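Grab a pencil and have a go at each task before you read its solution. Keep the 3D view open while you work.

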Amino acid sequence: MRFRVSHTTHYGYGSPVSLCHSIAHLKPRQTPHQRCLRSQVRVSPWPSVSREHTDIFGNRVNYFSIQQSHAALEVSAVSEVEVTAPAAPDADASPPWEQVRLRLHEAREPDAVNARMFALPSPAIPAQQAALDYALVSFTPGRPVLAAARELMARIYTEFDYDPAATGVATPLAEVLDQRHGVCQDFAHVGIACLRALGLAARYVSGYLETLPPPGQPKLRGADASHAWYALYLPSQASSSPLPETQTAPTAGESGQGAEPPAGTWIDYDPTNDCLLGEQHITTAVGRDYGDVTPVRGVFYGGGEHRLSVAVDVDRLEPRV
Amino acid sequence: MSATSPLAQLDDARLDDAYVPAAGSFDEMRAADGGLRPHWQYLVDTLRQLGRGGIETRWREAHRLIRDNGVTYNLHGDPRGMSRPWELDPLPLLLRGEEWAELERGLIQRAELLNAVLLDLYGPRTLIAQGLLPPELVDGYPGYLLPCHGIGVAGDRPLVFYGADLTRDTDGGWRVIGDRTQTPSGAGYALENRVVLSRVMPSLFRDSHVHRLAGFFRGLRRAMNRLAPGDAPQARVALMTPGPANAAYFEHAYLANYLGYTLVQGADLSVRDGALWLRTLGRLERIDAVLRRVDDCFCDPLELREDSMLGVPGMVQAVRAGNLTVANALGSGVLEHPGLMAFLPELCRQLLGEDLLLPHLHTWWCGRAEDRAYVLANLGALVIKPAGGHTNGGPGPRVLFGRSLDAGARDRLAAQIQAEPHRFVAQEEVKPSTAPVYVDGRIEPRPFVLRSFSVAEDDGYAVMPGGLSRVALSTDTPMVSSQLGGLGKDTWVLATEPEREETLLGLHDTQSTAIVRESDVSSRVADNLFWIGRYAERAEGLVRLLRVTAINLTARSSFAAEDEGIGCLGTLLEALNEQCHGNVPLPTADEPAALAAPTPELLSLITDLERVGALPQTLQALGQAAWSVRERLSSDTWRVINDIERHLRRLTGQPPRTLNAALNVLDPLVTSLVAFSALTQENMTHNEGWHFLEAGRRLERGMNLAALLRSTLVNVIPGPEEGLVVEAVLGVTDSLITYRRRYQSGTRVGALLDLVVQDEANPRALAYQILSLSALVDDMPRDPMGPTRSAAQKGVLRLLTELRLAGLDQLAQPDADGLHRGALAQFLTDQENGMAEVSDALTAQYFRHEEHPHHMIEHRLSAVRR
């Protein structure tokens, strides 16, 4: 499936801003299931400095700075991506989760060694006893890891209320775990906290989800939204046979270590929708948690009160003839 | 502990008998067999010759120098944030040259090794990929700054400045107990220790052939120049400090001066066009390299700690773009992970192909199963260091001594280690070696830690010969704190041959009077200088008024309204009440008050630190403004500031109970304030910064004078009393002698106004202030695109014109009612308001600090559930 994703972030300031610096994680990364065909970030007013670099996770990061006085800022990213849904793994045939954990910590190949970073607590996801307790309900001894992970996602889906009013960007994970409500990025943090509490490696994924209007109704402009979910790392030799080939083929963007040593697999879970990665999930960036891949963040001088509005459109493109 | 009296100890020819090191630890001066180590012989002989009296004299001299130079260390946890004098032991630590050479080789190797680790961790991470360093150790440590990965560094030694804390084991072998790779502090104190000790023990120093320190700092300057981007021969380097509240602020200012770098704070800087700039008066000056004394995670609120108020948004990007070099490189704090030591021997073999020369403390990183098992089994015998952790914020470790934990605390610690093993490191507890220290008139062995400093030169690391030795303040302290503080010792590495004397700049530059280069006066510095000028003048005017009033009061025998001269005293008290929001009771006709009535309130205005507008607060504000531009003031000027602070402490510490006692302090205080003015006039380059200090002084003097004249002359005092008032005003304005010379006949208001208002040649006159101000404002930097005259220039011109056109005869004339001088009141009020407007105009034009940066609201990802 091919999509055209447009993500526009608009800031309106109460008084003029004299200088701003900003970094954006807006360009979709290359993954085994996704090719980013083109991507452009436009900033208005025209930035004095605009640079792109790749961060430690392999995401593309855009830095820009505006040095002229401005009362509004618009950052707009337009990308075209081609997505193929990974074949669903045979969860019941996957190895026991304890074995996966052992393998993760004993594997010597760089891909697995580098994945261990994602088994550690991170700034927004500190170690939580509550997360371990929650996880152990699904991760019973000897249970196949993907079966347990699938159930964990389903429980987050059913046991946590989706409530945009209940949490904010700064709501701590402990509160989300305790109150059992939040939005997609909260649910992603919950899932990651549970998997890490078990000693498994899990990472945060930010991206988009195509939404379809109810049958017979036109799609509204700007009504799509940025999205977030999480992925579990499966070290290569621990993965059981029926994994699709595409998943084991390492790509430069994924491991950053070249193609020679065996590479593991990241299995994506969307706890907000109780589903695995599908054709409608578009991946932008990955990190330890939200803080590593905030779509747009920045610092400005002056400005006073400011307002933020975001519009996202995910449109299907006709397949190339 | 020996019971020998200090006097006996030092007068005794057998000095070494009284010096008894604790058994089982290595002592620097005395060998295990009780003999004096030979390289101490000369020092011990010298001390014997000096005797106790001689040592005391030199010790006092050292303290005087330290106090005069304002060497301070602000200990954390001091609620008032007051800095205290740096403590220096008069006895140097002596190290043999040959022994030092061996230690130096070990330090150089260690610096190279740590540097190689740093390069790898922020680059290819092969040490992690190859399993030489566990990712849990590195990636789980808050000091490893992910945004700094791959930002690139200038040169091949991002670890530009390296500090190692050293002690000896019981056999005398040196051991590293801590690596300082973030922003090692102490080199400035080491330098100051040397300056002081070589002055109080000149012949001992000269004859001991001590290796000099200046070469090390030259190396640091070369390193910074070489690392700066671009090929400008003279790179613009700034030393970045967290600010005057920082514990080691003295050192930051001291080093900035010594190295010739601009001392900057984050708020002075701005990133534009992908490069770093210093905000100066109306301009931006490019900064090529930063020697930072701010921890790396605080350097950039855009990419590093968002809550930092000390950094510059965009700094990481300026480095990434290759437009700025920061030393040490951003992210170098990762090397301070105490658990890294457990891996260094193997890393040394892998990276450098050689064995680690210099041993360090036995270290166990609990992330390794076998280490963890050992640590849990031996918790009571080890020192536990948490290696940061996301849950408690920063990497600041709290060291726990296993033996001092009770069973419950030990169990809790064990549980924590089990839960997050990668966050815990254990080390053996060492018994630090001891060195002789002069304490309370005797020489005692005390544990010490030596901090060594290395700098990355072109062809490798160079080590400062010696370093900063710090001594525990009590004999039983298990380990000297890694913080500074305690007692400092100069460290002498004894050469076999004498070295040529040399300093950094060819001159004895640390002692030179003067101020820094022309072009880098930041807005913040100009602002502070302006207020130094204002506070100094305000304090001087206030002291003069207090003095004249107090003398007037003490000369009287009663305080009744019908007394002769009481009208004059009442007028002075009113002026005082107005100037410092006082509430001194005035003499009244119907209630003949006791003479003592005004005294308590008057004393309170002189001594109470809590009173807004009173003398102590004014002096304190002066001290604080001076402290925040410490590096701009010459050492002579700084000595005067220290004198002023000493007077302040005398006034507030043990407040005088009588006016006479207060006068005994006010007299030298006024002298110090005058000396301060004279020094800024004579010893400061008349550059941009000076213009602001001077403008502040002129404005304040003008405003004070106008206020004084208004409160003393507007109400007409009948009869001869007026003459007394005129005389008092002349006293406060220090113009009495001129007046008497010029106006032979009596004291008249008109003559007074002529002398202190319109006389453009009298440095105490209003006209003189405005005329000076006019020249100063004309010389201040201008926006070439701006209007012909700035707001401040227009204001001064208006003031000057009104002043010159004023008719003094009319102003001196009372109104028809004979009670007031309405025209004078109007004139003085206009002048005061006009000067306040000029002050505001200068503030708006030059001191407008850019607002605090704000963070953009972040969008919450909130895809709707399907």
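Below are six exercises on this predicted model, each with a worked solution.

**Exercise 1. Get to know chain B.**
Work out how many helices and strands chain B has, and what share of its residues is buried.

*Solution.*
- Step 1: Go through the secondary structure of chain B, and you end up with 27 helices and 23 strands.
- Step 2: Now turn to burial. Chain B has 866 residues, and 50% of them count as buried.
- Step 3: Check how far apart in sequence the contact partners are. Take the contacts in chain B between residues at least 6 apart in sequence: 72% of these join residues at least 24 apart.
- Step 4: Split the chain up. The domain assignment gives domain 1 (6-86), domain 2 (93-354 + 436-504), domain 3 (362-429), domain 4 (521-684) and domain 5 (693-848) of chain B. Notice that domain 2 is written as two stretches.
- Step 5: Look at where domain 1 of chain B meets domain 4 of chain B; each gives four residues to the contact. On the domain 1 side, these are two polar and two charged residues, with no nonpolar ones.

**Exercise 2. Take chain A apart.**
Find the domains of chain A and describe the side of domain 1 that touches domain 2.

*Solution.*
- Step 1: Mark the bounds. Domain 1 of chain A covers 2-83 + 294-317, and domain 2 covers 91-291.
- Step 2: Go from centre to centre, over C-alpha atoms, and you get 25 Å between the two domains of chain A.
- Step 3: Count the residues in contact: 23 from domain 1 of chain A and 25 from domain 2 of chain A.
- Step 4: Find the elements on the domain 1 side. Strand 1 (2-27), strand 5 (70-83) and strand 14 (306-317) of chain A each supply at least two residues. Strand 1 gives the most, with five.
- Step 5: Sort that side by class, and you have 12 nonpolar, nine polar and two charged residues.

**Exercise 3. Hunt for the cores.**
Which residues touch the most other members of the largest nonpolar core?

*Solution.*
- Step 1: Start with a rule of thumb: in soluble globular proteins, nonpolar side chains tend to be buried together.
- Step 2: The largest nonpolar core here has 210 residues, and the ones touching the most other members are Leu200(A), Ala202(A), Leu232(A) and Val455(B).
- Step 3: Zoom in on Leu232(A). Skip its neighbours within four places in sequence, and its contacts are Ala149(A), Leu195(A), Leu200(A), Ala202(A), Ile267(A) and Tyr269(A).
- Step 4: There's a second, separate core of 98 residues, and its members include Leu542(B), Ala575(B), Cys580(B) and Leu776(B).

**Exercise 4. Follow one helix.**
Compare the span of helix 24 of chain B with the expected one, then find what its buried residues pack against.

*Solution.*
- Step 1: Helix 24 runs over residues 766-779 of chain B, which is 14 residues.
- Step 2: From first C-alpha to last, helix 24 reaches 20 Å, close to the 20 Å expected at 1.5 Å a residue.
- Step 3: Pick out its buried residues; among them are Leu766(B), Ile770(B), Leu773(B), Leu776(B) and Val777(B).
- Step 4: See who they meet. The buried residues pack against helix 20 (688-713), helix 23 (749-758), helix 25 (791-805) and helix 27 (822-846) of chain B.

**Exercise 5. Put the chains together.**
Describe how chain B touches chain A.

*Solution.*
- Step 1: The contact takes 43 residues from chain B and 54 from chain A.
- Step 2: Elements giving two or more residues to the chain B side include helix 4 (126-129), strand 9 (269-272) and strand 23 (853-855) of chain B.
- Step 3: By class, the chain B side holds 16 nonpolar, 14 polar and 13 charged residues.
- Step 4: Look at strand 13 (residues 296-302) of chain A: this strand pairs with strand 23 of chain B, antiparallel, over three bridges. There, Tyr301(A) stands opposite Pro853(B).

**Exercise 6. Spot the odd backbone.**
Where is the cis peptide bond that leads to Pro45(A)?

*Solution.*
- Step 1: Recall that most residues other than glycine have a negative phi, and most peptide bonds are trans.
- Step 2: The bond from Ser44(A) to Pro45(A) is cis, with omega near 0 degrees. Pro45(A) sits in the loop between strand 2 (34-44) and strand 3 (49-54) of chain A.
- Step 3: Try phi next. Arg180(A) has a positive phi, near 60 degrees, and lies in the loop between helix 5 (173-179) and strand 7 (181-182) of chain A.
- Step 4: Is Arg180(A) buried, exposed or partly exposed? Arg180(A) has 16 C-beta neighbours inside 10 Å, so this residue counts as partly exposed.

Key. Residues numbered from 1 in each chain as written. Chains lettered and ligands numbered in written order. Predicted model: local features only at pLDDT ≥ 70, side-chain atom pairs only at ≥ 80, totals over all residues. Helix = DSSP H or I, 4+ residues; strand = E, 2+ residues; numbered from the N terminus. Buried ≥ 20, exposed ≤ 12 C-beta atoms within 10 Å, placed from the backbone. Contact = placed C-beta atoms within 7 Å. Domains from an automatic or database assignment. Nonpolar A, V, L, I, M, F, W, Y, C, P; charged D, E, K, R; others polar. Core = buried A, V, L, I, M, F, W, Y, C linked by C-beta atoms within 7 Å. Expected span 1.5 Å × (residues − 1). Pairing = 2+ DSSP bridges.
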